[in-house]
Amino acid sequence: MSQQHAPEAEETGIDLAPMLDFTMNLLIFFLITTSFVKEAGIQVDKPIAQTAMHEESGNILIAIRQNGEVWMDRKMVDMREVRPIIERLHIERPEDSVVVIADKSAAAGMLAQVMDQVKAAGIKDVAIGATNPAGGG
Amino acid sequence: MKTRRVSGAESGHSGIDLAPMLDFVMNLLVFFIITAVFAKEVGIQVSRPGSGAGEGGKESKSMIVTIYGTGDVEIEQRIVDVRAVRANVERMHASKPENGVMVIADKSVASGLLVQVLDQIRLGGVEDISFGATK
């Protein structure tokens, strides 16, 4: 009676090693694919463009609202602050690119100023955010 | 009886205990799943012309599309409809495929109109677009 009981009590659980292997693989996958996107923090009414494409490395987002407010990294910033912030982010991750999301009714002058600031900070790769009516964003 | 149980326990737990490690790895995994962002931003790539002297020659070869504050779009001294921009750009692109397009917008023009024009130019087959605004 007790002889049958003993082996069951010793091997208490299942073998965890294969599960650990699998979990490690998942972990490595998520580590590699994670790109920490700097969200702008607000929703803007984006213009529509049929030729809008996915920006593979577009992970610094700058939003321009209808009233001219500039938002980045979940904070409202002044136009003159854009350049130092971008410079700092560019040093941290040099492969980052910028997407400027301007509201439909925001002035093109504002857009040009923000793009100039980004360019002055050293990022050449700037895109204007738009919605594709055929889906995809 | 007692000795048999001890030897049994040794052969059963041959390695180290993996459970705490698994707990830790699981926590890391959950963190990365939660913070992962798969949504990519969509947009239109445009270049911003610099004031550098080297780029001057290239710009002079470009076709110029002007957008006025009133919303009028001008190509080659003619006011055209936004929807006609594509046809004009296609015609230019067919005759001079190496040329780019320079869009000059009044600073008060709405971004919506600007993006519409940029979209039309891209539909016309030109990828090399520069954008400038009046001061």
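This is a short dialogue about how the two chains of a predicted model are described.

Student: What is the make-up of chain A, read from the N terminus on?

Tutor: Chain A has 4 helices and 6 strands. They run α-α-β-β-β-β-α-β-α-β.

Student: And what pattern does chain B follow along the sequence?

Tutor: Chain B has 5 helices and 6 strands. Its pattern is α-α-β-α-β-β-β-α-β-α-β.

Student: What makes a residue of chain A count as buried, and what share does?

Tutor: The cut-off is 20 or more other C-beta atoms within 10 Å of its own. Of the 137 residues of chain A, 31% count as buried. In chain B, buried residues make up 27% of the 135 residues.

Student: How do you know which residues of chain A and chain B are in contact?

Tutor: Their C-beta atoms, placed from the backbone, must lie within 7 Å. By that test, 52 residues of chain A are in contact with 42 residues of chain B. Several elements of chain A each supply at least two residues to that side, among them H1 (2-10), H4 (108-120) and S5 (97-102). H2(A) gives the most, with 10 residues.

Student: What classes of residue make up the side of chain A that touches chain B?

Tutor: That side has 29 nonpolar, 15 polar and 8 charged residues.

Student: Why are H2(A) and H2(B) called roughly parallel?

Tutor: Their axes cross at roughly 30 degrees and come within 9 Å. Angles under 35 degrees count as roughly parallel. That makes H2(A) roughly parallel to H2(B). The crossing is left-handed.

Student: Which residues make the contact of H2(A) with H2(B)?

Tutor: From H2(A), they include A:Met19, A:Leu20, A:Thr23 and A:Phe30. From H2(B), they include B:Met21, B:Leu22, B:Val25 and B:Phe32. The residues of this contact divide into 15 nonpolar, 1 polar and no charged.

Student: Why are H3(A) and H4(A) called oblique?

Tutor: Helix H3 (residues 82-92) of chain A and H4(A) pack at an angle of about 40 degrees. Under 35 would be roughly parallel, and roughly perpendicular runs from 65 to 115. The angle of about 40 degrees fits neither class, so H3(A) and H4(A) are oblique to each other. Their axes are 8 Å apart. The crossing of H3(A) and H4(A) is right-handed.

Student: Where do H3(A) and H4(A) meet?

Tutor: A:Val82, A:Arg83 and A:Ile86 in H3(A) meet A:Val114, A:Gln117, A:Val118 and A:Ala120 in H4(A). By class, these residues divide into 5 nonpolar, 1 polar and 1 charged.

Student: How do you know that S1(A) and S1(B) pair?

Tutor: Pairing needs at least two bridges. S1(A) and strand S1 (residues 42-45) of chain B have 2 bridges, in the antiparallel sense. The threshold is met, so they count as paired. A:Met53 stands opposite B:Gly43, and A:His54 stands opposite B:Val42.

Student: In what sense do S6(A) and S1(B) pair, and over how many bridges?

Tutor: They pair in the antiparallel sense over 3 bridges. At least two are needed, so this pair also qualifies. B:Gly43 is the bridge partner of A:Gly129.

Student: What makes S4 and S6 of chain B edge strands?

Tutor: Start with the order of the open sheet, which is S4-S3-S2-S5-S6. Strand S4 (78-80) and strand S6 (129-133) of chain B each have a single partner strand, so one side of each is left without a neighbour in the sheet. The pairing in this sheet is mixed. Its twist averages 25 degrees from one strand to the next.

Student: How do you know that S5(B) pairs with S6(B)?

Tutor: 5 bridges join them, and they run parallel. Two would suffice, so the pair counts. B:Val103 has B:Phe131 as its bridge partner in S6(B).

Student: Which helices of chain B lie on this sheet?

Tutor: Helix H4 (residues 85-95) of chain B packs on the sheet, touching S2, S3, S4 and S5. The direction of H4(B) makes about 20 degrees with that of S3(B). Helix H5 (residues 111-123) of chain B lies across S2, S3, S5 and S6. H5(B) runs at about 155 degrees to S2(B).

Key: Residues are numbered from 1 along each chain as its sequence is written. Chains are lettered from A and ligands numbered from 1 in the order in which they are written. This is a predicted model: local features need pLDDT of at least 70, side-chain atom pairs count only at pLDDT 80 or more; totals for chains, interfaces and linings use all residues. Two residues are in contact if their C-beta atoms, placed from the backbone, lie within 7 Å. Ala, Val, Leu, Ile, Met, Phe, Trp, Tyr, Cys and Pro count as nonpolar, Asp, Glu, Lys and Arg as charged, and the others, Gly among them, as polar. Axes are lines fitted to C-alpha atoms, for helices over the stretch in contact, and angles run from 0 to 180 degrees between N-to-C directions. Angles under 35 degrees count as roughly parallel, over 145 as roughly antiparallel, 65 to 115 as roughly perpendicular and the rest as oblique. A crossing is left-handed if the near helix is turned anticlockwise from the far one by less than a right angle, and right-handed if clockwise. A residue is buried if 20 or more other C-beta atoms lie within 10 Å of its own, exposed if 12 or fewer, and partly exposed in between; C-beta atoms are placed from the backbone.
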